[in-house]
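Open the model in your viewer and keep the selection panel at hand. The tour moves from stop to stop.

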Amino acid sequence: MRPSIARFAVLSAAWLALAILALPAFAAQPAADARFEALSQRFIGEFGRYSPVYATSLGDHRFDGELDDLGADGRARTLAWNRGLLAELQAFDRAALSRANQVDAAMLENQLRYAIWSEETYRDWSWDPLVYTQLTGQALYGLLAREFAPLPDRLRSLTSRLEKLPRLLEQARANLVPARVPSIHAETAVKQNPGVMSLVDGLVVPQLGALPQADRERLERAIAQARTAVQEHQRWLEGTLVPGAKGEFRIGAELYDQKLAFALMSPLSREEIRARAEAEVLRVRNEMYSVARTVLAGREGAPPRPDSPTADEQQAAIGAALEVAYADRPARDGVVDLARATLAETTAFVRQRNFVTVPDEPLDVILMPEFQRGVAVAYCDPPGPLDKGQRTYYAVSPIPEDWTDAQVDSFLREYNGRSIANLTIHEAMPGHYLQLAHSNRYPSVLRAMLYSGPFVEGWAVYTERVMQEQGFRGGDPLMRLVQLKWYLRAVTNAIIDSAIHVDGMTRDEAMQLMTVTGFQEEREAAGKWVRAQLTAAQLSTYFVGYLEHADLRAEAERRWGKEFSLKRYHDQVLSFGSPPGRFVRALMFDEPIR
């Protein structure tokens, strides 16, 4: 996200309601907390003027007709705004704030510093075309995905954004320096850019009849202008950017360490994360071997399974057991339907076991929008904290139509029936959907805006383990084996994240780690190689976040003793929103906020 400047004087009813709900947290130190509350409300209120697309996703709809200004002047205003807010924040005596506000202040400072660093040092606006392709897609999709206002009103806002789309694409071409753009980023942008008009043709054109004639004609003109602009941009991407893209996708140790610190807000360093991940690879593979022995017991033709296997014997046994799981897989066009079925299954199980409070916010499984494809197989898209009662979407990418039979087979081996169940646990129930629904109930809108990626991703990985502990699918050993394989994926994610960007890990080396050590199929590993090139620091959030959740639960079990219960623990952890793990620990156990 890229915050921006403006001045905002009057809060809407929704902002006021949330501010009133938050007042009890500030009663202990009214003067200091009132000043911080004023600063945080100003950040929230002004944010949307310069990040209108992200504001829409938060549920602030005052700027739904605007697009982010990523030209030089717009970025300069954003930078000045961030610097001004940071200076004000640094003047606070943090010790005078309530504990809740100490956490929010630390998260706000991290965000402001991150935004300044991104503009001045990382400068992805100058070398990453995906900044623009994803922004254009989200600018339109965010107005259509949820019924937060009558359809005609949303279409009028969309018309306004379409009219501004040519300007944004012109800014992209002016900002991007082809020689600095990595080829993988340019090639992915070529694939994503047409998705913008596919979204318009699929979701907007069929709704034209919802508008009065004058508004419909204006929208039709805007669509025609946008189509011309997107086509022009596509020609530029293909004819200028791709041939000229000579940049290095590896960001190097200095930038990586800086970005990692901002993304994680964790005391763990790159070296510590790598050491813990490599040790965990060995432990998890040993556990997978133990489960594999159970799966293969009595099966004709199974490989040897000695008590103390060699590396080759361990590899063969785990691989053979996974082959049993791979036999149960959906049809090529059945992945999304299976995701829907497993969502009903996991929801019923979580309710029955009652180890966490289940929210009642609506949740739908959908096809992933085309402009979002190419990075992940699935994601959870929750409503913003101000869009109360709106739907969460569990988006699943279909198998690309141009894949060969061999590629499809590889994908469906990876995303077999049990893997789809684990995917649903992670993305929906009791993973992201459940956690983010709880998070949106926390009174601080600021905390919801600045959520911790490791906390969110770590919770989802942690719940995969919890479901197995609770006996999901009757303690099926194959389900446990698949879950361990998924966890091993999170561990290897953290290894390749830094190894690729800092240590120069090659594609062959990364594929070896993922496909052999991690038992991933070729299509999954190939996709992860692309994702690792396109991102930096994000792939570490799963493992680091899981470590924080696992360590926190172990500490709660130790401190609470016989008073410990999973539901008490889970509900308390989720009651703080989505701050970094170290702050959750401090709030739970009354430790200093550092």
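Start at Phe-519, just after helix 21, where phi is positive, at about 60°. Keep in mind throughout that this is a predicted model.

**Helix 21**

Now step back into the helix itself. Select residues 507–517 to display helix 21. Colour Ala-510, Met-511, Leu-513 and Met-514, which are buried. Where do the buried residues fall when helix 21 is seen down its axis? They sit within an arc of 160°, so they line one face of the helix. Next, add helix 20 (477–501) and helix 22 (522–534). Both are among the elements covering the buried residues of helix 21.

**The sheet**

Select strand 1 (363–367), strand 2 (residues 378–381) and strand 3 (residues 392–396). What is the strand order of this open sheet? It runs 1-3-2, and the pairing is mixed. Strand 1 and strand 2 are the edge strands, each pairing on one side only. From one strand to the next, the twist averages 20°.

Take the two pairings in turn. Strand 1 runs parallel to strand 3, with five bridges between them. Show Val-365 here: its opposite number in strand 3 is Tyr-394. On the other pairing, strand 2 and strand 3 are antiparallel and are joined by four bridges. Pick Ala-378 and look across to Val-396 in strand 3, which stands opposite.

Stay on strand 2 and turn on side chains. Ala-378 and Cys-380 point one way, while Tyr-379 and Asp-381 point the other. In a regular strand, side chains alternate between the two faces of the sheet. Are these four residues of strand 2 buried or exposed? All are buried.

**Asn-175**

Jump to helix 7 (residues 151–175) and select Asn-175. With a relative accessibility of 10%, Asn-175 counts as buried, because the cut-off is under 20%. Which side chain does the side chain of Asn-175 meet in a polar contact? That of Tyr-132, at 3.0 Å. Now show the wider surroundings, leaving aside neighbours within four places in sequence. Asn-175 is in contact with Leu-70, Arg-75, Trp-125, Ser-126 and Tyr-132.

**Glu-220**

Finish in helix 10 (residues 213–244), with Glu-220 selected. Glu-220 has a relative accessible area of 38% and is partly exposed. Draw a C-alpha to C-alpha distance from Glu-220 to Leu-208: the viewer should give 8.2 Å. In sequence, these two are 12 residues apart.

How values were computed
Residues are numbered from 1 along each chain as its sequence is written. This is a predicted model: local features need pLDDT of at least 70, side-chain atom pairs count only at pLDDT 80 or more; totals for chains, interfaces and linings use all residues. Side-chain values use heavy atoms; hydrogens and water are left out. Buried means under 20% relative accessible area, exposed over 50%, partly exposed in between (1.4 Å probe, protein chains only). Helices (H or I, at least four residues) and strands (E, at least two) are DSSP runs, numbered from the N terminus. Two strands pair if DSSP finds at least two bridges between them. Axes are lines fitted to C-alpha atoms, for helices over the stretch in contact, and angles run from 0 to 180 degrees between N-to-C directions. A polar contact is a pair of N or O atoms within 3.5 Å; within protein, one must be able to donate a hydrogen and the other to accept it, and residues adjacent in sequence count only if both atoms are side-chain atoms. Contact means heavy atoms within 4.5 Å. The arc is that of the directions from the helix axis to the C-beta atoms.
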